[in-house]
Amino acid sequence: MIETIYIARHGFRLNWVTTNCPTGLPKDAPLTAFGVAQARELANYFSSLDEDQRPTLIFSSPYYRCLQTSQPSAQALGLPIYVEHGISEWYSPVVPNTGLHPRPASASALKAYISEIDSDAWSSIYYPTRKGEDVDQIHERAHSVLSDLISEVESRFPNHRRVLLVSHAATVIALARDLAGDRELPLRVGCCTLSEFSRKVGGAGSGSWEVKKLAEAGFLTGGVQRDWGLEDIQIADGKVIEDPGIPGSELEVDEPVGSMLRATSSVASNL
C-alpha cells in the first residue's frame with residue numbers, strides 16, 4: 001500500500017500571455033530561471049531524506065512547467081516521470097461560444113522535451129474537461145483521480161510506498177483537501193511548495209490521510225513565492241468568473257473526458 005503522498009506545485013513560471021511556449025501549446029509557459037532553481041532545491045530536499053522516505057514514483061501534470069519541476073527530482077532519484085492528465089491545470093468554465101481550454105500533448109510527444117518521461121509504463125487514467133470547472137467540480141475531479149490513481153498504483157506497482165505528484169495551485173489544493181477529508185481546509189500554495197500526507201492505519205479513501213506538511217517552503221531559498229488560493233477566484237458558492245476559450249477551438253470535440261479506468265470497465269461490462 002502507498003504510505004506517503006507528496007504533492008508539489010510547479011516552480012515560478014513565466015507569464016503565459018507574453019511568452020512563447022516551448023511546446024507550442026497556449027498557456028504552457030516554462031519556468032523562469034528562478035523557478036528552475038526552485039525545482040533543483042526540491043530535488044535536493046528529497047535527496048536529503050533517508051532512502052526510506054524518498055518518493056519512488058513521480059507523476060506530473062503534462063504542462064511544461066510541471067514537467068520541468070519534476071525533472072531535477074527524477075534525475076536526482078533515478079526515477080522516470082509518469083505523465084498524468086488528471087492532475088493537470090484547472091481552468092474556470094469557458095465563456096459560451098468561445099471555444100475550449102487547451103490540452104497538452106500525449107506523454108510520448110512530450111518526451112521530445114523531457115527525456116525522463118516514460119510513456120510506456122503509464123497512460124493517463126483521467127482527462128479533465130476542456131470546458132473548465134467550478135470549485136465543486138475541481139474537488140470532484142481530485143477525488144476521482146486520487147481514488148483511481150491510488151488503486152491503480154497499488155495494483156500495478158505493489159512495491160512502491162511513496163508517491164510524488166507535481167501539479168498546479170488549484171489542483172494541489174483540491175488534492176490536499178481530498179486527502180485530508182476537508183473541502184474547506186484553508187490553504188494557499190506558493191511556487192514549488194511541498195505538502196506531505198501519511199496514510200492512517202487502516203485508512204482508505206478521502207480523509208484517510210494525516211497532514212504532515214501543507215505547502216511548506218522551508219527548503220526554498222526564497223521562501224514562499226506567488227502564493228495562491230481558491231478564494232482568489234470565487235465569486236460565491238463555489239462559482240468563479242468565466243474565462244474565454246482558445247480562439248479556433250470552437251469546433252473541436254471535448255474528449256476524452258473523465259476516468260479512463262471506469263470508461264474501460266463500463267465498455268467491458270457491456271460486451
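The largest cavity holds about 110 Å³ of space. This comes from a predicted model, and a search through the whole structure turns up one cavity of 30 Å³ or more. Its lining is made up of 14 residues, with S88, E89, P102, P128 and T129 lying nearest the centre of the cavity. One of these, P128, is worth keeping in mind, since P128 also turns up among the contacts of R103 and among those of H85.

H85 sits in the loop between β3 and α3. With a relative accessible area of 3%, H85 is buried. Setting aside neighbours within four places in sequence, H85 touches P62, R103, P104, A105, S124, Y126, Y127, P128 and R141. That list brings in R103, which is found in the loop between β3 (81-83) and α3 (107-110).

What, then, does R103 do for a charged partner? R103 is buried, yet it has no salt bridge. The nearest side chain of opposite charge belongs to D254, and it is 4.2 Å away. A salt bridge requires the nitrogen and the carboxyl oxygen to be within 4 Å, so the pair does not count as one. Backbone oxygens come into play instead: a polar atom of the R103 side chain lies 3.0 Å from the backbone oxygen of P256, and the side chain also reaches the backbone oxygen of E255 at 3.4 Å. Beyond neighbours within four places in sequence, the contacts of R103 take in D254, E255, P256 and V257, along with L25, H85, Y127, P128 and R130.

Elsewhere, charge pairing is easy to find, with 14 salt bridges in the structure. Side chains of opposite charge can pair when their charged atoms come close. One such pair is R161 and E3, whose side chains meet at 3.8 Å, N to O. R161 belongs to the loop between α4 (135-156) and β5 (162-167) and E3 to the segment before β1 (4-9), so this salt bridge ties together parts that are 158 residues apart in sequence. Neither partner is hidden away: R161 counts as partly exposed at 27% relative accessibility, and E3 counts as partly exposed at 42%.

A second salt bridge links R183 and E140, and here the closest N and O atoms are 2.7 Å apart. R183 lies in the loop between α5 (169-180) and β6 (194-199), while E140 is in helix α4, so the pair ties together parts that are 43 residues apart in sequence. Both ends are again partly exposed, R183 at 33% relative accessibility and E140 with a relative accessible area of 44%.

Another salt bridge joins E210 to K212, with the closest N and O atoms 3.6 Å apart. E210 is partly exposed at 40% relative accessibility, and K212 is partly exposed too, its relative accessible area being 43%. Salt bridges also come together in a network, which links R188, D227, E231 and D232.

Taken side by side, the arginines make a neat contrast. R161 and R183 are partly exposed and have salt-bridge partners in E3 and E140. R103, by comparison, is buried without a salt bridge, and its side chain has the backbone oxygens of E255 and P256 within reach.

How values were computed:
Residues are numbered from 1 along each chain as its sequence is written. This is a predicted model: local features need pLDDT of at least 70, side-chain atom pairs count only at pLDDT 80 or more; totals for chains, interfaces and linings use all residues. Side-chain values use heavy atoms; hydrogens and water are left out. Helices (H or I, at least four residues) and strands (E, at least two) are DSSP runs, numbered from the N terminus. Buried means under 20% relative accessible area, exposed over 50%, partly exposed in between (1.4 Å probe, protein chains only). Lys and Arg count as positive and Asp and Glu as negative; His and the chain ends are not counted. A polar contact is a pair of N or O atoms within 3.5 Å; within protein, one must be able to donate a hydrogen and the other to accept it, and residues adjacent in sequence count only if both atoms are side-chain atoms. Contact means heavy atoms within 4.5 Å. On a 1 Å grid over the protein atoms alone, a cavity is a set of points where a 1.4 Å probe fits but cannot get out, and a pocket is an open set with protein on both sides within 12 Å along at least five of seven lines; lining residues have an atom within 4 Å of a point. Grid points are joined across faces, edges and corners, and a volume is the space filled by probe spheres set on the points.
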